[in-house]
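Q: I would like a close look at one part of this protein and what surrounds it. Please keep it brisk.

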Amino acid sequence: MRLREHLRDPLYRSAYALMASTVLTALLGVGFWALAARTASAREIGRDAVLISSLITLSSICQLNLVDALVRFLPGVRNRDRSRRIAAAYAASAAAGLLGGTAFVLGAPRVSARLAFLQGDRATAVVFVAAMGLWGIFVLQDAVLTALRRATWLPAENAAYSLAKIALLPLVLAAGSAHTVFLAWVLPTLVVVPVINILLHVRVLRPAARSAPDAAARRLELRGRGLARFMLQDYAGFVLGQSAITLVPLVVIARLGSEQSAWF
């Protein structure tokens, strides 16, 4: 009985759901890389790991700190305006991601000869740019679910994504792709992103828009000086913290090459 009462509190329920999502993602992530190590060469793993690290780092920058802003401000937006605010955040992140991805595939080969394969492999370059736009939405939708007290969806969502990555590895390998690991990493987002957002619209946003207005005494809209001040103060620290982890593989491949990057 006490446990049931405890879990009725949205704060605790969301916290436990986020923890469960993190644990599932980590465990299945270990399984993904273990399988990759047995299905792809060290050179392929090193090269694709750098693409994945670059994707995550650049996407973190291109998300414009909207992850924290959505969690902070979206609960205070009027129900009928939430869909529009979410769509605007998605569009801003996707546009920035497409620009950042294009700059990377054009500029990275000039900075490091180890990334010269992007210059001659147009298909991979196009997939990387498209993945940049989609990855930002994939990350932001988790923030939206958390802000709207639907964090309990996250364990299922991220487990489905992680399992899809594992299932795709042998399939992409059988198709003869030169970037098995990278493609297996990004392709599940083509399904996960639309499915989650359709469910979000049908199950949460549309019913809320038809309901009576929230009687909250004070609303913190997703706009104006408050938003700008919050985002600017938090943005630099977030980007530096993320880069400290995900930029290291880029340094390794630039100095030592793809195979040593795989071992790293």
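Start with serine 59: is this residue buried or exposed, and what is its relative accessible area? Then work outwards from its helix.

A: The model is predicted, and every value below is computed from it. Serine 59 sits in helix H3, which spans residues 42-62. It is buried: its relative accessible area is 1%. Setting aside neighbours within four places in sequence, serine 59 contacts Met132, Trp135 and Gly136.

Now take threonine 57. This residue also belongs to helix H3. At 3% relative accessible area, threonine 57 is buried. Its contacts, again leaving out neighbours within four places in sequence, are Ser243, Thr246 and Leu247. For a sense of distance, take threonine 57 and alanine 69. They are twelve residues apart along the chain, and 19 Å separates their C-alpha atoms.

Next comes the end of the helix. A loop between H3 and H4 holds asparagine 65. The phi of asparagine 65 is near 60°, which is positive in a residue that is not glycine. Most residues other than glycine have a negative phi. Asparagine 65 counts as buried because its relative accessibility is 2%, and the cut-off for buried is under 20%.

Past that loop lies helix H4, residues 66-73. Its buried residues are Leu66, Ala69, Leu70 and Phe73. Viewed down the axis of H4, they fall within an arc of 100°, so they line one face of the helix.

Then the core. The largest nonpolar core has 59 residues. Leu55, Leu74, Phe128, Val144, Leu148, Val181 and Trp185 touch the most other members. Helix H7, residues 122-147, supplies the largest share of this core, with 14 residues. In soluble globular proteins, nonpolar side chains tend to be buried together. Phenylalanine 128 shows who meets whom. Beyond four places in sequence, its contacts are Leu51, Ser54, Leu55, Leu58, Gly101, Phe104, Val105 and Phe182. One of these, Leu55, is also among the core members that touch the most others.

Two pockets come next. The largest has a volume of about 900 Å³. Its lining counts 30 residues. Thr25, Trp135, Val139, Asp142 and Asn158 lie nearest its centre. Trp135 has appeared already, as a contact of serine 59. H3 supplies at least two residues of the lining, and so does each of helix H2 (10-39), helix H4, H7, helix H8 (154-174) and helix H11 (224-246). H2 gives the most, eight residues. By class, the lining splits into 15 nonpolar, twelve polar and three charged residues.

The second largest pocket holds about 300 Å³ of space. It is lined by 14 residues, and the closest to its centre are Trp33, Ala49, Ser53, Pro249 and Phe264. Two or more lining residues come from each of H3, H11 and helix H13 (258-263). Here H3 gives the largest share, five residues. The lining has ten nonpolar and four polar residues, with no charged residues. H3 therefore appears in both lists of contributing elements, for the largest pocket and for the second largest.

Two other sites are worth a look. Arginine 149 lies in the loop between H7 and H8. Its phi, like that of asparagine 65, is near 60°. Burial separates the pair: arginine 149 is exposed, with a relative accessible area of 55%, whereas asparagine 65 is buried.

Leucine 173 is in helix H8. It is partly exposed, with 34% relative accessible area. Not counting residues up to four places away in sequence, leucine 173 touches Thr39 and Thr180. Leucine 173 and threonine 39 are 134 residues apart in sequence, yet their C-alpha atoms are 7.7 Å apart in space.

Back to H3, then. Serine 59 is buried at 1%, and threonine 57 is buried at 3%. The contacts of serine 59 include Met132 and Trp135, while those of threonine 57 include Ser243 and Leu247. The same helix supplies five residues to the lining of the second largest pocket.

Note on methods: Residues numbered from 1 in each chain as written. Predicted model: local features only at pLDDT ≥ 70, side-chain atom pairs only at ≥ 80, totals over all residues. Heavy atoms only, no water. Core = buried A, V, L, I, M, F, W, Y, C linked by side-chain atoms within 4.5 Å. Buried < 20%, exposed > 50% of the residue type's maximum accessible area, 1.4 Å probe, protein only. Helix = DSSP H or I, 4+ residues; strand = E, 2+ residues; numbered from the N terminus. Contact = heavy atoms within 4.5 Å. 1 Å grid on protein atoms, 1.4 Å probe; cavity = no way out; pocket = protein on both sides within 12 Å on 5 of 7 lines; lining within 4 Å. Points joined across faces, edges and corners; volume = space filled by probe spheres on them. Nonpolar A, V, L, I, M, F, W, Y, C, P; charged D, E, K, R; others polar. Arc of directions from axis to C-beta.
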